[in-house]
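Subject: Structure for your review

Dear colleague,

Please find below the structure that I am handing over to you. My findings follow directly after it.

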Amino acid sequence: LHLENTQLIVSTFVACPNLYMVETVDSNKIAETLNKQWETRKKAGKLKVMIQINTSMEENKSGCKEEDMVNLVKNILENCPNLEFIGLMTIGSFDHDLSKGPNPDFLKLLKCRERLCEELKLDKKNVEISMGMSADFEHAIELGSTNVRVGSTIFGAREPKAPNKSDGNPTPSGEVKDSSGSGNKMTDSKTDVLQENATGVIELNKGLSHMSMAT
């Protein structure tokens with residue numbers, strides 16, 4: 001989820017209970033709004049944040065430019081006391097062919113960390129790397145990612161919403177129709193699959209700092 005540059009959206013997002021971290025900070029405006037809203041709502045501790053960098057420079061992806069990274073992190077460290085900067089995040093090219101070598105977007109993010117730590121005198125061990133999603137998280141881990149985002153691997157791809165053809169009315173948000181007619185919102189077999197998927201991902205990712213399971 002990328003936060004738009006509006007105070008209303010950020011305020012609503014910060015109001016979520018148990019909010020742990022935001023990985024999509026890509027401007028001073030978003031950082032400063034998060035900082036202010038966290039203080040206004042008297043949240044405990046600091047909100048962990050990552051800087052999203054558009055390493056592929058694709059127009060359909062969010063993220064700051066590489067050349068803006070250092071100033072953005074510096075602003076958070078110096079002027080956002082309610083935020084805790086913990087690392088860098090990127091979304092790599094979806095169509096990269098691994099037979100041609102490592103994903104260049106992942107390599108760029110690693111170089112960004114090197115540059116950031118050098119210019120701001122930060123300990124590399126304290127700057128985490130979030131790269132890799134369900135389709136490429138294993139490759140990202142091999143390159144040194146400490147965080148992966150694997151919701152689809154566990155829960156499956158998100159299905160598009162569609163009207164209920166039986167009565168012409170949309171299915172209420174969040175409800176899962178059970179074709180068996182039993183009324184259960186999730187069958188035991190579906191639960192078993194989710195548990196098996198989650199266990200498999202955890203086994204692969206034992207060395208990671210965090211896994212995001214949101215889709």
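Apart from its neighbours within four places in sequence, His96 is in contact with Gly101, Pro102, Asn103 and Pro104. Please bear in mind that this is a predicted model. His96 lies in the loop between strand E3 (83-89) and H4. Is His96 buried, partly exposed or exposed? Its relative accessibility is 25%, and buried means under 20% while exposed means over 50%, so His96 counts as partly exposed. His96 also has a counterpart farther along the chain: Asp136 is 40 residues away in sequence, and the C-alpha atoms of the two are separated by 9.6 Å.

A second loop residue to look at is Ser56, which is found between E2 and H3. Ser56 has 18% relative accessibility and therefore counts as buried. Not counting residues up to four places away in sequence, Ser56 touches Lys61, Ile91, Ser93 and Asp105. Which distance separates Ser56 and Phe106 in space, C-alpha to C-alpha? The value is 9.4 Å, although the two residues are 50 residues apart in sequence.

Glu23 belongs to strand E1. With a relative accessible area of 12%, Glu23 is buried, because the cut-off for that term is 20%. The side chain of Glu23 is joined to that of Ser130 by a polar contact of 2.6 Å. Ser130 is also one of the residues in contact with Glu23 once neighbours within four places in sequence are left aside; the others are Met50, Ile51, Gln52, Met89, Asn147 and Arg149.

I turn next to the helices. Two packed helices are described by the angle between their axes and the distance between the axes. Helix H2 (residues 28-40) packs with helix H3 (residues 69-79) at an angle of about 20°, and their axes are 10 Å apart. Angles under 35 degrees count as roughly parallel, and H2 and H3 are therefore roughly parallel to each other. Their crossing is right-handed. On the H2 side, the residues that meet H3 are Asn28, Ala31, Glu32 and Asn35; on the H3 side, they are Asn71, Leu72, Asn75, Ile76 and Asn79. The residues of this contact divide into 3 nonpolar, 5 polar and 1 charged.

H3 also packs with H4: the axes of these two helices come within 10 Å and cross at roughly 55°. That angle makes H3 oblique to H4. H3 passes H4 in a right-handed crossing. H3 contributes Met69, Val70, Val73, Lys74 and Leu77 to the contact, and H4 contributes Cys112, Arg115, Leu116, Glu119 and Leu120. How do the residues of the contact of H3 with H4 divide into nonpolar, polar and charged? There are 7 nonpolar, no polar and 3 charged residues.

Which residues of H3 are buried? They are Met69, Val70, Leu72, Val73, Asn75 and Ile76. What covers these buried residues includes E1, H2, strand E2 (47-52), E3 and H4.

Two further residues deserve a look for their backbone angles. Asn18 is not a glycine, yet it has a positive phi of about 60°. Asn18 lies in the loop between helix H1 (7-14) and strand E1 (21-25). Asn18 has 76% relative accessibility and so counts as exposed. Lys121, likewise a residue other than glycine, has a positive phi near 55°. Lys121 is found in the loop between helix H4 (104-120) and strand E4 (128-133). Is Lys121 buried or exposed? At 72% relative accessibility, Lys121 counts as exposed.

Finally, here is the protein as a whole. There are 7 helices and 6 strands. From the N terminus on, the elements run α-β-α-β-α-β-α-β-α-β-α-α-β. The protein has 215 residues, of which 39% count as buried. Among the contacts with a separation of 6 or more, residues 24 or more positions apart account for 64%.

Yours sincerely

Technical notes:
Residues numbered from 1 in each chain as written. Predicted model: local features only at pLDDT ≥ 70, side-chain atom pairs only at ≥ 80, totals over all residues. Heavy atoms only, no water. Helix = DSSP H or I, 4+ residues; strand = E, 2+ residues; numbered from the N terminus. Buried < 20%, exposed > 50% of the residue type's maximum accessible area, 1.4 Å probe, protein only. Axes fitted to C-alpha atoms, helices over the stretch in contact; angles between N-to-C directions. Parallel < 35°, antiparallel > 145°, perpendicular 65-115°, else oblique. Left-handed = near helix turned anticlockwise from the far one by under 90°. Contact = heavy atoms within 4.5 Å. Nonpolar A, V, L, I, M, F, W, Y, C, P; charged D, E, K, R; others polar. Polar contact = N/O pair within 3.5 Å; in protein donor to acceptor, adjacent residues only side chain to side chain.
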